[in-house]
Each structure stands twice: as C-alpha cells, then as structure tokens.
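Notebook open, model loaded. I want to go through the cavity, the helix packing and the odd backbone spots.

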Amino acid sequence: MTTAGPVSPWLPTSPCAPDPCARHSGPAAGSFLAAVRLVAGIAAVLAGVLLAPLTALLPAADRRALVRVWCRLVLRSFGVRIEVTGVPAPADGPFLIVANHISWLDIPLVAAVLPGRMLAKREVRQWPVLGPLAARGGTLFIDRDRLRALPGTVRAMAGAMAGGGRVIVFPEGSTWCGRGGGAFRHAAFQAALDASVPVLPVRLQYRPVGPAAFVGEDPLGASLWRVVAARGLTAEIRILDPISTIQYPNRRALAQAAQRAVASDSANRPSLSVHQRVSSSPASASSARTPA
C-alpha cells in the first residue's frame, strides 16, 4: 500500500485497508437502485450547501433542528437506516462528544442525533462541496502537521463549549473498519477540562460493517458506491453515560475513561485481530483521509 505523500510520524495510524477490511460480500441493492441512491444522496448534500447561508439568521435551536433533519435526509438518501440506542440524547447543554471513527458516514450520523461543531483536519476545508459546507457549519479545523497550532485549537474548542456549544471529536484520529479500534488521543480532552464540561461518549456501529468502512487509500468514489450498493445498511449510534471531568484529574485519565466506555460497549469485538495491533509505522493514508 502506498501513501499519499510524506506524513508526520506522530500522527495516528490504523492497520485497516480497503481490501479486505472494507469488502462487501452481502446482499446487493442492484445497480439501478444504487445509482438512484447515489444521485439522491449527492443532491441532498448539494441542497445543504445551497441552503446553509439562509439559516445563518435563525435561532441556534432552530439551526440545530434543521441540521438534524438534513443529516437524516442525507443518510436516508444514500440508503442508510439510523438506529439510536443507549441513554436518551441530552436536549441541551455543552458537551465534548467523542466517538469511534469508521467512515465519512460518522459525521452526518452524529450530527443527525447530536449536532455540534465538528473538529476536522484542515484538508477538509479544501474538499469540493463538503469543505465549504463544513466551514459554514462552524467546523473547527486543525493543522495536524503543526504541533504548535494544537494549543490554539484546544482553546477554540474550550471557548465554544464554555459558550454553551457542543464540540464533536473522533479522538482515534484515524478511521478503523469497525472490527477493532485505536487509542483515544488525549489533546481534545484538555478542552473539556478547561471548559469544565462533561464528556459524552458515543459508540458507532454499522451493519454490515464492510460497506461503511472508509480506510487506507480507499477512494471516496469507491466508498460511496459500496454504501449505495449495499442492501439494508444500518448505522447505529449508541449514546453512553456522560463522564464528569470532576472525576478525572487530567486529560490522559479522561481520555482513557472515554475509551473504556466506548470499547466496553462493543459486544462483538474479536479477541485476536490485526485491527487490535498497534502499528509502529508512520500514519498511512487512513490518517490522511479521515475527516477528523
């Protein structure tokens, strides 16, 4: 597997690769239905881009409601069903929302239930269609190649939450295929400590797992086609109990508590898998492509 260029060795990495991790061998939806879903999904995304400026003057609660509706529409247009399980979603209040990271689908999935400001790598800002939409949605961008910029990003996150907002982070820093997971990076949790807001862990899971996975050097087009061509693709977001920052004295302990909560909720995690080994090599294109 080749990389997309030089990558900083400190960035997180995952052993997952498109083949076989993202392979789909289950029932297919058929080419015609898949094409219809693809067109409908792209149209739903473009509608969001065009209408986003019109929502700027709406109250925050109304904007969040529209984001939830739009994200659900995007997922359904691509043929993805949503299941919300676990504890009831908090109606209001600031949180640092943290989730495991499997796919580009994670972003609309979390926002469909718990809308907030996403933390994404700065490259996302340059993506066609999705980049301008992310910027208009208040996404916080991080330059992962510049460690010196990290404190400023943490301050921006803390400021957003101190003002009553929510920030959504995928602290693994790289996409995994869903059969295993990586360690939660600690930096984002400092923002929760600085703002004195709780951490809300959520567990994301897709059934079947293969079509949703967006890992390694997987082209976005190939991932989109797997999603729309899969029959019965279901995305589950399981909301777990909030974690109080009062219980944990530092960001490392807080990150480990959130990781344990997400990992222990997974009932089907294999005992021996390549996805549970820690890679010592520089970050692969999985890190280069992951939206957060």
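How many nonpolar, polar and charged residues does the lining of the largest cavity have? I looked this up before anything else, keeping in mind that this is a predicted model.

**Cavity**

I counted by class and got two nonpolar, five polar and two charged residues in the lining. The lining residues are Asn100, His101, Ile102, Glu172, Trp176, Gly178, Gly180, Gly181 and Arg203. Gly goes with the polar class in this scheme, and Gly178, Gly180 and Gly181 are on the lining list. The charged pair is Glu172 and Arg203. For volume I noted about 40 Å³. I also checked how many cavities of 30 Å³ or more the structure holds, and found one.

**H2 against H3**

Next I turned to helix packing. Two packed helices are described by the angle between their axes and the distance between the axes, so I pulled both. For helix H2 (residues 31-51) and helix H3 (residues 60-77), the axes come within 8 Å and cross at roughly 160°. That makes H2 roughly antiparallel to H3, since the cut-off for that label is an angle over 145 degrees. I logged the crossing of H2 past H3 as left-handed.

Then the contact list. From H2 I have Arg37, Ala40, Gly41, Ala44, Val45 and Gly48, and they meet Trp70, Leu73, Val74 and Ser77 of H3. Sorted by class, this contact has six nonpolar, three polar and one charged residues. The charged one is Arg37.

**H3 against H4**

H3 also packs on helix H4 (residues 106-113): I read the axes as coming within 7 Å and crossing at roughly 140°. H3 and H4 are therefore oblique to each other. Here too I noted a left-handed crossing, H3 passing H4.

On the H3 side the contact uses Val67, Arg68, Cys71, Arg72 and Leu75; on the H4 side, Pro108, Leu109, Ala111, Ala112 and Val113. I get eight nonpolar, no polar and two charged residues for this contact. The charged two are Arg68 and Arg72, both in H3.

**Backbone spots**

Which residues does a cis peptide bond join? I found arginine 207 and proline 208, with omega about -5°. Proline 208 sits in the loop between strand E6 (199-207) and helix H8 (209-212).

I also flagged serine 196: its phi is near 55°, a positive value in a residue other than glycine. I placed serine 196 in the loop between helix H7 (187-195) and E6.

Key:
Residues are numbered from 1 along each chain as its sequence is written. This is a predicted model: local features need pLDDT of at least 70, side-chain atom pairs count only at pLDDT 80 or more; totals for chains, interfaces and linings use all residues. Side-chain values use heavy atoms; hydrogens and water are left out. Axes are lines fitted to C-alpha atoms, for helices over the stretch in contact, and angles run from 0 to 180 degrees between N-to-C directions. Helices (H or I, at least four residues) and strands (E, at least two) are DSSP runs, numbered from the N terminus. Angles under 35 degrees count as roughly parallel, over 145 as roughly antiparallel, 65 to 115 as roughly perpendicular and the rest as oblique. A crossing is left-handed if the near helix is turned anticlockwise from the far one by less than a right angle, and right-handed if clockwise. Contact means heavy atoms within 4.5 Å. On a 1 Å grid over the protein atoms alone, a cavity is a set of points where a 1.4 Å probe fits but cannot get out, and a pocket is an open set with protein on both sides within 12 Å along at least five of seven lines; lining residues have an atom within 4 Å of a point. Grid points are joined across faces, edges and corners, and a volume is the space filled by probe spheres set on the points.
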